[in-house]
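Here's a quick briefing to read alongside the model. Have the structure open and follow along.

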Amino acid sequence: MAWEQAVSDFDPVLGLEVHVELSTQTKMFCGCPTEFGAAPNTQTCPTCLALPGALPVVNAVAVESAVRLGLALNCSIASWCRFARKNYFYPDMPKNYQISQYDEPIAFGGWLDVEVPTSTGGRIHRIEIERAHMEEDTGKSSHVGGQTGRIHGADYSLVDYNRAGIPLIEVVTKPIEGLGEMAPDVARAFVAELRALVVSLGISDAHMHQGSLRCDVNLSLRQSPSHDFGTRSETKNVNSLRSVSRAVRYEMQRQGARLKAGERIVQETRHWHEDTGITTSGRSKEQAEDYRYFPEPDLVPLAPDADWVEALRAALPELPAARRRRLAAQWGLSDLELTAVLNADALDVIEATVADGASPASARKWWLGELARLANERDVDLGHLGIFPADVARVIALVDAGTLTDTMARQVVDGVLAGEGSPDDVVAGRGLEVVGDDATLQAAIDDAVAANPDVVDKIRSGKVSASGVIVGAVMKATRGQADAARVRELLMARLEISP
Amino acid sequence: MTDLTRMTAARLADVVAGGQASAVEVTQAHLDRITAVDHDVHAFLHVDTDGALAAAAAVDTARARDGRSGLGPLAGVPLALKDVLAMEGVPTTCGSRILEGWLPAYDATVTRRLKDAGVVILGKTNMDEFAMGSSTEHSAFGPTHNPWDLSRIPGGSGGGSAAAVAAFEAPLAIGTDTGGSIRQPAAVTGTVGIKPTYGGVSRYGLVALASSLDQAGPCARNVLDAALLHAVIAGHDPLDSTSIDRPVPAVVEAARHGDVRGMRVGVVRELTGDGYQPGVQQRFDEAVVLLQELGAQVVEVSCPHFPYALAAYYLILPSECSSNLAKFDGMRFGLRVGDDGTRSVEEVMGRTRASGFGEEAIRRIMLGTYALSAGYYDAFYGSAQKVRTLVTGDFAAAFEQVDVLVSPTAPTTAFKLGEKLDDPLAMYLNDVATIPANLAGTPGLSLPVGLAPEDGLPVGLQVMAPVLADDRLYRVGAALEAALLDRWGAPILDGAPTL
């Protein structure tokens with residue numbers, strides 16, 4: 001179903017569950033290290049392998065992280081809560097139950113404001129948080145042989161338990177209603193904001209591509225806000241911000257088409273496919289998985305001390321929303337300008353560049369312009385482009401001082417990225433310097449005018465924009481080391497045209 | 001010198017420390033005794049001859065080097081370890097086929113503490129599969145026979161540990177008690193067994209039956225030996241979150257100074273009369289009179305919710321065990337059945353569990369799976385937890401009036417092998433008097449108070465104390481034991497038939 005029709009015929013109800021993998025030194029219930037990428041099954045012990053008799057012990061740092069995230073999400077912190085066992089059989093789950101929290105989460109009843117860009121500037125949506133609870137990750141299965149890399153048709157399967165027992169916090173929203181066509185953007189903005197939040201708290205790397213932040217999208221449609229909620233699907237494996245909005249959009253269209261055709265929506269888990277941009281059916285939840293939750297008897301209840309919680313609250317860092325407001329004010333940004341910065345994920349680098357002496361306007365121009373283009377070309381984040389904010393600040397300073405033209409500055413950036421050293425090294429190494437004396441420029445202009453009589457005629461007849469050809473020729477002749485504005489001035493003077 | 005196998009543990013430790021016999025000689029004497037009688041008794045599933053002699057030799061070396069001062073109070077004393085506790089490199093089966101071939105890569109904390117104390121572990125003792133039973137007939141490796149009458153059961157689940165002690169194969173043993181598995185075997189074999197306060201002894205490495213009920217404890221032929229062993233294994237363990245971080249009660253001191261003068265002793269009204277074998281009731285009543293003669297104030301106390309304890313226990317235990325036993329799936333250790341390259345992982349798990357678990361284990365897994373299922377949870381598990389709270393309240397109210405509670409340990413003397421095997425409910429009733437202490441986490445002791453006139457078999461009396469008042473058990477037990485010894489002229493086991 002076309003997107004426009006889905007939006008006009010149905011009202012979406014959205015629910016998001018985000019798993020945040022904590023960057024603690026050790027696992028949730030044992031002392032094994034948590035580093036990503038180690039050789040399979042080298043970060044395991046009797047507890048995370050579920051060998052008979054081994055017992056879990058709660059990681060205090062993980063609890064602290066959960067409380068801090070709960071506070072940052074404006075949640076209440078439980079004065080007493082327990083872990084629970086979620087029972088189901090799967091080989092990547094060593095105990096065949098997961099230690100999680102069920103009806104007694106450590107944090108509950110909060111909210112997170114997210115800002116979604118619109119044509120008239122940002123609009124703030126308050127997303128209600130149902131709960132944030134602690135649990136452990138599973139191991140990782142890989143299926144060898146067969147066509148699909150999936151379990152069906154595989155010759156055999158391997159399990160790596162390095163990830164088993166890594167601490168997770170699951171953040172669950174309340175049903176988000178009334179979004180209409182904004183649903184995909186709000187979903188994306190929520191995950192982005194939550195990601196920024198956990199990064200600012202320093203509790204997770206939040207690398208979606210490595211799975212350290214994973215999103216499940218619950219979505220249902222109904223005819224109008226006055227109708228009851230429809231049957232929902234739960235889409236898993238949504239592992240990039242872009243995919244979050246795409247998955248919401250796809251599910252709205254898929255479900256809309258089914259409902260329009262008089263079919264019903266099956267309550268099921270669906271898998272998101274990044275490559276094809278569609279979801280496919282996983283297991284149906286109608287033969288309901290009964291997890292037989294009950295309080296985990298191997299662990300004692302948690303009773304976070306109220307003074308400790310207040311101390312953690314007082315020590316929270318500046319959170320992303322506040323920081324954005326502060327920087328936007330300091331830099332004099334409009335809502336739209338701020339949105340552009342955020343969409344480019346450029347807040348950190350711009351802030352660092354300004355701290356190294358650049359003006360906010362120049363820093364923003366460079367990071368959102370030339371540097372964003374280069375990052376896009378190389379398919380990397382701005383932060384991983386390979387040029388430090390201090391280098392960018394130096395380039396800007398050289399331009400401001402008139403030592404470099406913009407064109408030359410871009411060459412300096414290229415040089416830095418090519419490993420030629422600092423901006424000053426590149427300037428020296430490549431012999432970049434503005435051609436400052438008018439006599440040299442006049443000579444080049446004379447040559448260009450002589451070579452392009454037709455262009456000169458056009459300019460004289462009032463087509464001033466044609467002067468670009470002459471200016472370009474002069475720039476070429478000076479190997480880009482002329483100040484284009486000065487060249488234009490001199491050209492107009494020579495042709496006796498007043499600017 | 002008298003037969004080393006007839007000595008108490010305290011005396012053996014003294015003999016080794018004083019050099020009258022080496023630890024190797026003591027160990028060899030017990031290994032010889034095992035060779036002589038275990039064919040009939042079948043207390044052991046595995047005898048670790050080499051390991052035991054090596055451990056004994058290490059004690060002798062330490063004594064030769066440092067003299068007696070460096071030796072712990074039980075150094076060089078042999079012990080039989082229930083096969084539910086992990087011991088590095090030594091088969092640990094829990095009486096189940098499903099763990100056949102598994103060699104733990106680590107020691108349980110209890111095992112580690114015994115080794116550190118120089119206690120010589122002779123081997124692993126027989127038990128009902130995963131500690132489910134009251135007769136040791138549910139062992140996958142055949143039953144253990146009661147040394148008093150080889151045609152009778154030695155109690156369970158720790159029948160192997162109790163029988164090993166009663167048959168003079170070991171002066172000490174470790175049992176585990178989830179609903180009476182230390183105390184009931186002690187009662188029917190004429191030995192002493194203690195279930196410490198829940199959390200008093202680490203459960204790390206104890207293969208869990210029901211995590212909230214399981215507790216390891218000492219088995220011995222007299223109260224002082226039990227206390228010495230209790231002191232070695234007890235104490236806080238950071239690897240077990242449910243372990244109590246408090247000083248160990250002064251159990252050895254209490255066992256050395258048995259005294260009930262001025263003590264208030266409560267006879268639990270609900271644990272006498274109907275359902276108790278006349279000879280059991282008679283010996284119990286006589287012991288109560290003796291306590292009075294020794295200076296105790298005896299009163300009758302009502303614990304009105306104890307009659308519901310058994311039913312609650314048979315919901316809580318199966319619930320926890322259905323989850324605890326999920327890890328036995330053939331994936332990482334032990335038995336694997338049906339993995340011929342064509343079957344799915346679910347089929348292999350199913351076949352492994354169907355053939356690896358015995359009838360009683362499957363019965364309890366099924367019971368627990370139902371009890372935890374959606375729609376049944378509140379009625380079954382939820383109600384059972386309420387009863388548990390009420391039973392705990394009964395204890396609290398009773399201990400307002402009295403210092404300790406007493407009852408017969410088990411309703412009958414040892415019954416015939418096979419007699420109750422096909423009647424689970426009759427089997428479950430063996431634990432009616434011991435289960436309340438497991439539900440409440442309170443400590444309990446059983447000691448022999450005579451032979452039932454009708455069958456000449458041992459009768460046990462149970463003493464129960466408040467949480468962390470384990471020392472009271474020993475104070476009462478030692479006083480009663482001394483008075484009975486005066487009366488009898490010899491330890492009760494001297495009257496057992498010669499094997």
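What follows covers the contact between two chains, the domains of chain A and one sheet in that chain. Keep in mind that this is a predicted model.

**Where chains A and B meet**
- Chain B puts 33 residues into the contact, and chain A puts in 24 residues.
- On the side of chain B that touches chain A, two helices give two or more residues: α10 (309-324) and α11 (345-356) of chain B.
- The largest share of that side of chain B comes from α10(B), with 3 residues.
- Sorted by class, the side of chain B that touches chain A holds 18 nonpolar, 9 polar and 6 charged residues.

**Domains of chain A**
- The domain assignment splits chain A into domain 1 (3-312), domain 2 (344-430) and domain 3 (438-494).
- Between the C-alpha centres of domain 1 and domain 2 of chain A there are 38 Å.

**A sheet in chain A**
- As a bit of background, strands of a sheet pair through backbone hydrogen bonds, either parallel or antiparallel.
- Here, 3 strands of chain A make an open sheet, ordered β4-β3-β14, and the pairing is antiparallel.
- Why is one side of β4 (97-100) and of β14 (294-295) of chain A left without a neighbour in the sheet? Both strands stand at the edges and each has a single partner strand, so there is nothing in the sheet on the other side.
- β3 (residues 84-87) of chain A pairs with β4(A) in the antiparallel sense, over 4 bridges.
- For a residue to look up in that pairing, try Ala84(A), which stands opposite Ser100(A) in β4(A).

Methods: Residues numbered from 1 in each chain as written. Chains lettered and ligands numbered in written order. Predicted model: local features only at pLDDT ≥ 70, side-chain atom pairs only at ≥ 80, totals over all residues. Contact = placed C-beta atoms within 7 Å. Nonpolar A, V, L, I, M, F, W, Y, C, P; charged D, E, K, R; others polar. Domains from an automatic or database assignment. Pairing = 2+ DSSP bridges.
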